[in-house]
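Morning, everyone. Please have the model open on your screens. I'll walk through a few pieces of it.

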Amino acid sequence: MQLEKVYEPQRFEPHWAQYWIERGYFHAPSEPDPAKPIFCLVIPPPNVTGSLHIGHMLEHTEIDVTVRWHRMKGDQTLWLPGTDHAGIATQMVVERHLRESQNITRHDLGREEFERRVWQWKDQYGNTILQQMQRIGDSCDWSRNRFTLDEGLSRAVREAFVRLHRNGFIYRGAYMVNWCPSCSTALSDLEVVHEETQGNLWHIRYPVAGHPGRHLTVATTRPETMLGDTGVAIHPSDERYLDLHGAEVDLPLTGRRIPVVCDEVADPEFGTGAVKLTPAHDPNDFEAGKRQNLPHVAVIGKDGKMTAEAGAAYAGLDRFEARKMVLADLDAQGLLAATTPHTLPVSKCQRCKTVVEPLVSEQWFCRMRTLADNAIQAVEDGRTVFVPENWSKTYFEWMRNIRDWCISRQLWWGHRIPAWHCADCGEITVSREDPAACAHCSSANIRQDSDVLDTWFSSGLWPFSTLGWPDPTPEMEAYYPNSLLITGFDILFFWVARMMMLGLEMTGKVPFRTVYIHGLVRDAERQKMSKTKGNTIDPLIVTEQYGTDAVRFALLRGAAPGTDIVLSEERMVSSRAFANKIWNAARFIFLQMEKLGVERLSLNSAPAPAETLEDQWIYHRLNETTARIHKAQENYRYHEVVDLLYGFFWDEFCDWYVELKKLRINTAATPEAAHAHLDHLLRVFETALRLLHPVMPFLTEELWQRLVEKAENTAESICLAAFPQAGQTTIAALQGELAATSFDILKEIVVISRASRSDNQIDPKLRLSAWIETDDEIVLALLRDESKTIEHLTNCTFAVNPSGLLRKAGARMETKRFAITLDLPDLILETRKARLIKEIAELEKVISRSHAQLNSGKFIERAPLGVVVQMKEKLADYEAQLSKSRTALDELS
């Protein structure tokens, strides 16, 4: 039964993590009992390339606490794990590996061999994050682990694509897209970040054809794109240019002539009112070009270099090198009118930070308006609820301004688009199965589209594809819609919104009932963590240093809904100290069991009646704490859960209840009485461990396994034991309230007596006499029934002195119900008096000086207002202290 003296979680945490998985404790039934509550939650699938970071640790802790609580409540619980194939990220990692290890590219290998190499890499390295999740105790049903490219999910992806295509949502066409020259693929709007950058606005003169000496001046932040201009726009009502309607301008450096067109893209109030149009390289110009039927001249290629269309002088140059040359050439020809500083948002690839190039490209798109409207309606009518509620406003804003989604990516790793192009008739066949011939002309001369789907397409199907959809599986019937989704705000649009839209379209149901959005983990200074700042915290390092339970507890202490979480070393140290406090309490408890010959606590035997004050009080507090924890869990107030646990264990169980039980057991008149006291101590401890388990699963499992007797009706693991329910203990409500009041008074007597002893620097071992003045019936009953207990805890002998009688001299302290006076030894009494007399004299001098200054007109005129206010505040403090010291001196006299 003996516990090691030092709490060393590294000794037992890996064992229990493996034990839970091997025993299958987290397995959810395939066909759950419909009469029992069901709780289901899917993991936000981390990238297969990833490693656990502190954001994962927070998210997984909140999920795990929720899941363990539901499981212990008796709900049929499924937490489904898995990973995402992470198209761009994984392909980049493997390409880098090939380049560094073998100096080859994917093109050297060919598509089939490259895909085989990625699968090989995934099998070798891709399970790292799953192993880390298991190590920190994630209570997932590991038998259901899924991967977004596994056979079942790939089938679901094809089914969804075909349905969307046949229902008119998916289409293909040449449109303006965000192109990353480094990743060599199109990006959705959400995969582009916009960084405010200090740049320039260059003003360029375009000579008007047939009007010698006349120019139209346009302004641009990207002068290299002027080589692809196919028109200049003016507003039709701009009086400055009425004579140029239908005119042409000479495009500098190119020898081309382009039209002046009337279009509302030009704002007469901005700049010169003339706008260059480059339909191949700007989204607004692309739309204007469609309206004006302007041609596309692509002068920048997918590799970020200038094309032959840019002219021989610039072809092959990097786009930014070309910019310098274009500006130099314009300046040389006298066509660079001005250069002005300008702050602009530069679009960059979210992943590699390369400046994105707007290009017209043949891509696959998904029409979003109808899908988004359905998803908006589902939140408006309460089928899905956001917590905190304010995130619904952000969701609505984005959904109401949604654009069509570019779903194709020019990658090799991912779900290849199930569309086949016919070389003979030019039509496209979209099919669930690989076709042998064109569906339009029956030609066998077909090839599959080379693009893959955006990673978020398959992720958007995650809540139901993982349950067997499109087949009507028992799991789909039981666990969909999911009960809850816990995720970060950074993927609200990437993932949550798309799951809403695709879930409703594919199944007719919302994917989850509630979405809880957690905050960011920040450092001790509330700074956002980043590698560049050097303030990141590696969860694998700190869990090894402080223990997984302590890190979980530290994260949850700041996890209030709608707020970011501050994680500091100090918070982790104090959380480990909390775990150590429980460990030491357990060491004492097991020592008492050994002394009394009790091997383990039997949960099958009936508890004895709670007769002592401390038993009645602790059961009452246990009931109250349990009820409040349930309420906090239901409302995702994780910070309240840990605050309640901390307060109960540290301030009540360890500091008071264990202390009193030590006294009771040591002074028990008979062995039977000692056993009765121990039995209550064990039962309270066991119940408290079950309360704590969802938050600190490893510590509680280690102690519970040592504490509880294995029996037929006892759970094999604390994770399967019933979560405590308020009112389960035998204490009556009225009895509990009275016990709580009496025990609070007992604590107050003890705390005041100890504080007075400390203030007067009296040795704790010195026995003192004391008087309690009171007429309060509850206090009088407590003093009658618990006098020996109070005397033991205070090392004082108390006499009752009814209120209103002549007061005794000594160190006196008052409360609403009673006053306590300690009889001080003569030497201490005189020393205390002398110290107070000196203190009073010094305070009187300071107060006198302060009054003099504040009554001086010159001082008030010259001193800053802040100094005067501060002096008045200090004076008030001095006067309060003087009053307190005078009262203390009076009590000693």
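Let's take the open sheet with strand order 27-26-29-28. It has 4 strands, and the pairing is mixed. Strands here are DSSP runs of E, at least two residues long, and helices are runs of H or I, at least four residues long, all numbered from the N terminus. Two strands pair if DSSP finds at least two bridges between them. Strand 27 (796–800) and strand 28 (811–814) are the edges. Each of these pairs on one side only. On average, neighbouring strands of this sheet are turned by 20 degrees against each other, direction ignored. Strand 26, residues 768–773, pairs with strand 29, residues 819–823. The sense is antiparallel, over 5 bridges. One pair to click on: A770 has L822 in strand 29 as its bridge partner.

Two housekeeping points. This is a predicted model, so local features need pLDDT of at least 70 and side-chain atom pairs count only at pLDDT 80 or more, while totals for chains, interfaces and linings use all residues. Residues are numbered from 1 along each chain as its sequence is written, and side-chain values use heavy atoms, with hydrogens and water left out.

Next sheet. The order is 10-11-9-12, so to speak from one edge to the other: 4 strands, open, mixed pairing. Strand 10 (248–251) and strand 12 (274–277) are the edge strands, each pairing on one side only. The twist averages 30 degrees from one strand to the next.

Look at strand 11, residues 256–262. Its pairing with strand 10 is antiparallel, over 4 bridges. D250 stands opposite R257, and E248 has P259 as its bridge partner. What joins strand 10 and strand 11? They form a hairpin, with 4 residues between them. In that turn, L253 has a positive phi of about 70 degrees. Strand 11 also pairs with strand 9, residues 231–234, in the parallel sense over 3 bridges. There, I234 stands opposite C262.

Now the helices. Helix 1 is residues 13–22, and helix 22 is residues 697–707. They pack at an angle of about 85 degrees, with axes 9 Å apart. Axes are lines fitted to C-alpha atoms, for helices over the stretch in contact, and angles run from 0 to 180 degrees between N-to-C directions. So helix 1 and helix 22 are roughly perpendicular to each other (the class covers 65 to 115 degrees; under 35 is roughly parallel, over 145 roughly antiparallel, the rest oblique). Which residues make the contact, meaning heavy atoms within 4.5 Å? From helix 1: E13, W16, A17, Y19 and W20. From helix 22: P697, F698, E701, E702 and Q705. By class, that is 6 nonpolar, 1 polar and 3 charged residues. Nonpolar is Ala, Val, Leu, Ile, Met, Phe, Trp, Tyr, Cys and Pro; charged is Asp, Glu, Lys and Arg; the others, Gly among them, are polar.

E8 sits in the segment before helix 1. Its relative accessible area is 35%, so E8 is partly exposed. The cut-offs: buried is under 20%, exposed over 50%, partly exposed in between, with a 1.4 Å probe and protein chains only. The C-alpha atoms of E8 and G547 are separated by 7.8 Å, yet the two are 539 residues apart along the chain.

Last, helix 19, residues 613–634. Buried or exposed? Mostly covered: 17 of its 22 residues are buried. Its end C-alpha atoms are 32 Å apart, which agrees with the expected 32 Å (1.5 Å times one less than its number of residues). Y636 follows helix 19, with a positive phi near 60 degrees.

Terms used: Contact means heavy atoms within 4.5 Å.
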